[in-house]
Amino acid sequence: MYEKVKYLMAGDKALVIEFGDEIEEESNAKIRSLTLAMDKEAIIGIIETIPHIGH
């Protein structure tokens, strides 16, 4: 798990938010929490979220 979350542009219409580069219970919980919060808020312009752990 990273000390600080990384925000990376992925083209002109996507944003990658990285919590770490290994499968860990803590990073998985943060990913799930963020995904659920974004879905609940129904933020205009966000049409899809894709949880992913990788490099």
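A charge sits over a ring if NZ of Lys or CZ of Arg is within 6 Å of the ring centre and within 35 degrees of the ring normal.

**Figure 1. Lys6 and the ring of Tyr2 in the predicted model.** Lys6 lies over the face of Tyr2, and the distance from the ring centre is 4.3 Å. This is a predicted model, in which local features need pLDDT of at least 70, side-chain atom pairs count only at pLDDT 80 or more, and totals for chains, interfaces and linings use all residues. Residues are numbered from 1 along each chain as its sequence is written, and side-chain values use heavy atoms, with hydrogens and water left out. Rings of Phe, Tyr and Trp (its six-membered ring) pair if their centres lie within 6.5 Å, and planes under 30 degrees apart count as stacked, over 60 as edge-to-face and the rest as tilted. The count of aromatic pairs under this rule is zero.

**Figure 2. The whole chain, with the pattern β-β-α.** The protein has one helix and two strands (DSSP runs numbered from the N terminus: helices are H or I with at least four residues, strands are E with at least two). Its C-alpha trace spans about 30 × 25 × 15 Å along the principal axes. Of its 55 residues, 16% count as buried (under 20% relative accessible area; exposed is over 50% and partly exposed in between, with a 1.4 Å probe and protein chains only). Among contacts (heavy atoms within 4.5 Å) between residues at least 6 apart in sequence, 20% join residues at least 24 apart. The accessible surface (Shrake-Rupley method, 1.4 Å probe; for residues, only the protein chains shown count as cover) is about 4,900 Å², and carbon and sulfur atoms account for 55% of it.

**Figure 3. Helix α1, residues 25-41.** The 17 residues of α1 reach 24 Å from the first C-alpha to the last, close to the expected 24 Å (1.5 Å times one less than the number of residues). Ser27, Ile31, Thr35 and Met38 are the buried residues of α1. Seen down the helix axis, they fall within an arc of 70° (taken from the directions from the axis to the C-beta atoms), so they line one face of α1. Glu25, Lys40 and Glu41 are exposed on the other side of α1.

**Figure 4. Ala42, in the segment after α1.** Just after the helix, Ala42 takes a positive phi of about 50°, although this residue is not a glycine. Is Ala42 buried or exposed? Ala42 is exposed, and its relative accessible area is 57%.
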